[in-house]
Amino acid sequence: MSAPNKEYDPVEVSALDPAAIDAALSAAVAAIAAASDLDELKAVRIAHAGDRSALALANREIGALPPAAKAEAGQRVGKARGLLKKALEERQVQLEEDRDVRVLVAEAVDVTLPVDRAQVGARHPLSTISERLADVFVAMGYEVAEGPEIEAEWFNFDALNIAPDHPARTMQDTFFVESPDSGVVLRTHTSPVQIRALLERDLPVYVVCPGRVFRTDELDATHTPVFHQIEALVVDEGITMADLKGTLDHLAASVFGEGLVTRLRPSYFPFTEPSAELDLQCFACRGASVNNPDAPCRTCSSEGWIEWGGCGMVNPRVLEACGVDSERYSGFAFGMGLERTLMFRHDITDMRDMVEGDIRFSAAFGMEG
Ligand code: DAH
């Protein structure tokens with residue numbers, strides 16, 4: 001800042017010369033008008049309104065004037081600075097609008113253009129059917145129960161009344177973990193979850209147990225060493241085979257179609273007494289193909305029924321093994337394979353399709369569930 005000027009004449013301070021101020025203002029206004037984008041305007045602002053600009057310097061010189069000269073110089077500089085500020089603001093608004101218009105054009109997206117969609121995965125149909133079946137039970141008030149895939153032989157066999165010399169226990173069927181006398185197997189069915197449920201829960205027990213199971217089968221069109229089952233167990237007072245049949249019919253109708261029923265054929269399982277094979281009425285022909293060569297049915301091979309699983313009334317020996325009073329309580333159980341269910345429900349002819357994990361297989365089922 002200059003020292004006070006002895007003659008009190010603002011014109012003597014060159015920066016405050018009215019002509020210089022007018023020149024600074026018109027130079028600034030011209031530069032503002034010439035700025036063609038926001039970056040240029042920023043540079044203009046620094047040059048013409050920044051700390052080192054002519055008008056800022058002039059403004060600072062005012063302080064050095066004698067009081068008598070301050071007012072006039074102050075007004076002149078103030079007015080010039082006001083005009084400059086206004087010009088900058090107006091140009092700023094204008095250039096921002098210009099930019100917005102340009103961006104809208106330059107960054108416009110044609111939403112009608114075809115795009116390469118990123119492949120989304122698909123849920124495996126086994127997961128979907130497992131949940132679909134379990135949901136039917138959850139809606140009836142059952143709980144979903146789970147157990148370990150590496151299981152103690154006692155749960156997988158002994159507690160289910162499968163004697164040590166039962167053929168299923170031999171190495172041809174069962175994967176043993178470590179040595180065969182380790183007492184630990186990969187569970188061969190979901191039935192051990194029945195035992196766990198009875199030991200862990202208070203009565204009555206209503207559980208559904210979906211899960212992965214293992215048997216020493218070669219992978220081919222109709223076998224896989226790793227597959228899935230879903231098991232249901234009810235233990236309560238006064239449970240009869242009529243409850244079992246009603247539950248199975250409800251399941252059949254819920255998953256395969258209104259009015260479909262099941263059929264029980266006498267059979268044997270160590271953990272149920274009496275035991276039955278469980279057939280599902282053919283949902284494709286509903287029996288119309290039986291003895292009707294003109295309308296054969298691929299789904300049931302014109303049998304009218306499809307083998308679905310096994311079932312029965314829980315053997316009292318199983319109840320006793322779990323500490324349940326078999327005089328007071330009775331129960332039913334059933335189990336079925338999910339791969340098989342999926343195969344006949346969707347006309348899948350080769351088990352390997354369900355195992356190989358080709359996304360095109362799963363994608364064909366859509367995103368249901
Ligand atoms: N666990 C049997 C199997 O893997 C299936 C089965 C049969 C389950 C009868 C049951 C049942 O709960 O009552 O072959």
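This report covers the sheet, the ligand site and some backbone features of a predicted model.

## Sheet layout

The sheet is open and consists of 7 strands. Their order is 1-4-5-9-8-7-6, and the pairing is mixed. Strand 1 (143-144) and strand 6 are the edge strands. Each has a single partner strand, so one side of each is left without a neighbour in the sheet.

In a regular strand, side chains alternate between the two faces of the sheet.

## The two edges

At one edge, strand 1 runs parallel to strand 4 (residues 205-214), and 2 bridges join them. Within this pairing, E143 stands opposite V207 of strand 4.

At the other edge, strand 6 (residues 262-269) runs antiparallel to strand 7 (residues 272-281). This pair is joined by 7 bridges. The connection from strand 6 to strand 7 is a hairpin of 2 residues. P266 has A276 of strand 7 as its bridge partner.

## Ligand site

The ligand takes up the space of the largest pocket. The elements that give two or more residues to the shell around the ligand are strand 5 (226-237), strand 8 (305-314) and strand 9 (329-337). In the sheet order 1-4-5-9-8-7-6, strand 9 stands between strand 5 and strand 8.

There are 15 residues around the ligand, and H189, S191, R215, Q229 and E231 come nearest. By class, the shell has 5 nonpolar, 8 polar and 2 charged residues.

## Polar contacts and burial

Two side chains can be named for their polar contacts with the ligand. In S191, an N or O atom of the side chain is 2.9 Å from a nitrogen atom of the ligand. S191 is also one of the residues that come nearest to the ligand. In Q194, a side-chain N or O atom is 3.1 Å from an oxygen atom of the ligand.

The backbone takes part as well: an N or O atom of the F334 main chain lies 3.4 Å from a ligand oxygen atom. Taken alone, the ligand exposes 350 Å², and the protein buries 89% of that area.

## Backbone features

Which peptide bonds are cis? One is the bond from L203 to P204, with omega near 0°. P204 is placed in the loop between helix 7 (192-200) and strand 4. Strand 4 is the strand that pairs in parallel with strand 1.

Another cis peptide bond joins E273 and P274, with omega about -5°. P274 is found in strand 7, the strand that the hairpin joins to strand 6.

S302 has a phi near 60°, a positive value in a residue other than glycine. Its place is in the loop between strand 7 and strand 8. Of these two strands, strand 8 is among the elements that give two or more residues to the ligand shell, while strand 7 is the bridge partner of edge strand 6.

Definitions and conventions: Residues are numbered from 1 along each chain as its sequence is written. This is a predicted model: local features need pLDDT of at least 70, side-chain atom pairs count only at pLDDT 80 or more; totals for chains, interfaces and linings use all residues. Side-chain values use heavy atoms; hydrogens and water are left out. Two strands pair if DSSP finds at least two bridges between them. Helices (H or I, at least four residues) and strands (E, at least two) are DSSP runs, numbered from the N terminus. A residue is near a molecule or strand if one of its heavy atoms lies within 4 Å of it. A polar contact is a pair of N or O atoms within 3.5 Å; within protein, one must be able to donate a hydrogen and the other to accept it, and residues adjacent in sequence count only if both atoms are side-chain atoms. Accessible areas come from the Shrake-Rupley method with a 1.4 Å probe; for residues, only the protein chains shown count as cover. On a 1 Å grid over the protein atoms alone, a cavity is a set of points where a 1.4 Å probe fits but cannot get out, and a pocket is an open set with protein on both sides within 12 Å along at least five of seven lines; lining residues have an atom within 4 Å of a point. A molecule sits in a cavity or pocket if more than half of its atoms lie within 2 Å of its grid points. Ala, Val, Leu, Ile, Met, Phe, Trp, Tyr, Cys and Pro count as nonpolar, Asp, Glu, Lys and Arg as charged, and the others, Gly among them, as polar.
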